[in-house]
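Thanks for making the time this morning. I would like to walk you through one model, going from charged pairs to ring pairs, then to the nonpolar cores and finally to a few strands.

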Amino acid sequence: MDSIEHEVVIVGAGAAGHSCARTLRSEGFTGRIRLVNGEGGPAINRTLVDTGVLPGLLTGAQIALPPVADVEVVDARAVGIDASTRAVVLDDGAELQADALVLASGSVPRRLDDAIAIDGAVRQHALHSAADAERLRSAVADLAGASIVVLGAGFIGAEVASHYVGAGARVTLIGRSRLPLREAVGADISARLAALHAERVDARLGVRVVAIRAAGIPGRDDAVVVQLDDGSEISGDALVVAVGSQPDAAWAGFDGAIPVDDRFRVRATPGVYAAGSVAAPELPQGRVRVDHWDAATAQGAHAARVLLHDLGLGDDPGAWAPTTGFSLMAYGAVIGARGVRGVDARETSDELASGGLLTDFADASGRLTGVAGWNAGPHLMQAAARL
């Protein structure tokens, strides 16, 4: 059967959705593809929000994803699905039905805990969109000597703290864990990162926020006071909330990430797939949700090939194996990883002659599942080749 007779609807125009559409076309699919974009503007490369737009190196237009040839973009938000008919309901009441439906709606910033007492006048700055970064730039125009409070010591928190320190601001970094990013890079590398934070910023690690209130200073509407569970208070000219992300799946009726098999098929719903940070594929080390750009791109492409196979238009690509990764730079140190670190991973670290560090992650059977590096350069890529 020719692919021209088939239709595919992809919900989400970010990394996974864009990659899925691009792969379908590159693999020869000639049917109709509709890409639902609920961004309210062009879909963007989110990895460049805090590293490109926030420092003023790039604009929102410059980080927009390129259009995919012969793909219809539907600018609307999806608000529901009918899995039995593979139909998507949009916020304008329209329904899009297809032979295959791919859920790639990504993630949204995680909200602060409800237990935290937050003054209604507090301005919380997230960093999910280009507009978020531009608002934060406007909030503190003169960074020299400014005081920035960053809640969250994960990927975004580390990069934001590093940016502001480099620009001459005073930064207080607050994180619940004494070893930030341990689940991603292991204990040894996270210990190095914690020590580096302590050298460069006022690092408050292993503490919890109790309350946040507006400082009430005339002309400084973004100024805040943050109270911690150790009784201390921190004042800042702006508050950046970077406490992680959560899958944007509630609109589709899922509580948390969408469970899929190792080929990104949503179980018990033929013709429906999910990929990217909205999905949690079943892997040998358990169900794993990966919220990184490269992983979302790889998952979107893999889901496209599985979809084509299921329609009788291509070969079975097999089970997906996580070999992609991430990299971040904090205060000049480069941290990277490939693959995944399982919940009960065995960690083995090696000091490099250059002063860097390389950590292997293995499962209970001894099988290598991931690697991470601290200023590891080509050593990391060589180690990743063993995945």
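How many salt bridges does a search of the whole structure find? The count is 23 salt bridges, and I should say at once that we are looking at a predicted model, so please hear each distance and angle as a value computed from predicted coordinates.

Let me take a few of these charged pairs in turn. R220 forms a salt bridge with D237, and the closest N and O atoms of that pair are 2.3 Å apart. The two residues come from distant parts of the chain, 17 residues apart, with R220 in the loop between β14 (209-214) and β15 (224-228) and D237 in the loop between β16 (233-236) and β17 (238-241). As for its surroundings, R220 is partly exposed, at a relative accessible area of 39%.

D202 and R204 make another salt bridge, where the closest N and O atoms lie 2.9 Å apart. Here D202 is partly exposed, with a relative accessible area of 32%, and R204 also counts as partly exposed, at 21% relative accessibility; since the partly exposed class begins at 20%, both values fall within it.

In the salt bridge between R367 and D363, the closest N and O atoms are 3.2 Å apart. R367 is partly exposed at 37% relative accessibility, whereas D363 is buried, its relative accessible area being 17%. Elsewhere, R123, D221 and D222 are joined into one network by salt bridges that share partners.

Now to the aromatic rings, of which a search of the whole structure finds 2 pairs. What is the arrangement of the F155 and F326 rings? Their centres are 4.7 Å apart and their planes stand at 80°, and because an angle over 60 degrees is the criterion, the pair is classed as edge-to-face. F155 belongs to helix α4 (residues 155-166) and F326 to strand β23 (residues 325-330), so this contact ties together parts that are 171 residues apart in sequence. F155 is partly exposed, with a relative accessible area of 27%, while F326, at 11% relative accessibility, counts as buried.

The other pair is F264 with W320, whose ring centres are 5.5 Å apart and whose planes meet at 55°, so the pair is tilted. This pair, too, links distant parts of the chain, 56 residues apart: F264 sits in the loop between β19 (258-260) and β20 (272-274), and W320 in the loop between α7 (293-310) and β23. Both F264 and W320 are buried.

That brings me to the nonpolar interior. In soluble globular proteins, nonpolar side chains tend to be buried together. In this model the largest nonpolar core has 56 residues, and those with the most contacts inside it are I10, L24, L103 and L307. Helix α7 gives the most to this core, with 7 residues. If we follow L24 and leave aside its neighbours within four places in sequence, L24 is in contact with V8, I10, F29, I33, A304, L307 and L308. Apart from that core lies another one, of 45 residues, with L127, L143, V201 and V240 among its members.

V240 leads us to strand β17. In a regular strand the side chains alternate between the two faces of the sheet. In β17, A238 and V240 point one way and L239 and V241 the other way, and all of these are buried.

Which strands run parallel to β17? Strand β10 (residues 124-125) is joined to β17 by 2 bridges in the parallel sense, with H125 standing opposite V240. Strand β11 (residues 147-151) also runs parallel to β17, over 4 bridges, and there V150 has V240 as its bridge partner.

Finally, 3 strands form an open sheet in the order β19-β21-β22, with mixed pairing. At its edges stand β19 and β22 (286-287), each with a single partner strand, so one side of each is left without a neighbour in the sheet. Strand β19 and strand β21 (residues 279-283) pair in the parallel sense over 3 bridges, and in β21 the bridge partner of P259 is A280.

Technical notes: Residues are numbered from 1 along each chain as its sequence is written. This is a predicted model: local features need pLDDT of at least 70, side-chain atom pairs count only at pLDDT 80 or more; totals for chains, interfaces and linings use all residues. Side-chain values use heavy atoms; hydrogens and water are left out. Rings of Phe, Tyr and Trp (its six-membered ring) pair if their centres lie within 6.5 Å; planes under 30 degrees apart count as stacked, over 60 as edge-to-face and the rest as tilted. Buried means under 20% relative accessible area, exposed over 50%, partly exposed in between (1.4 Å probe, protein chains only). A salt bridge is a side-chain nitrogen of Lys or Arg within 4 Å of a carboxyl oxygen of Asp or Glu. A nonpolar core is a set of buried Ala, Val, Leu, Ile, Met, Phe, Trp, Tyr and Cys residues joined through side-chain atoms within 4.5 Å. Contact means heavy atoms within 4.5 Å. Two strands pair if DSSP finds at least two bridges between them.
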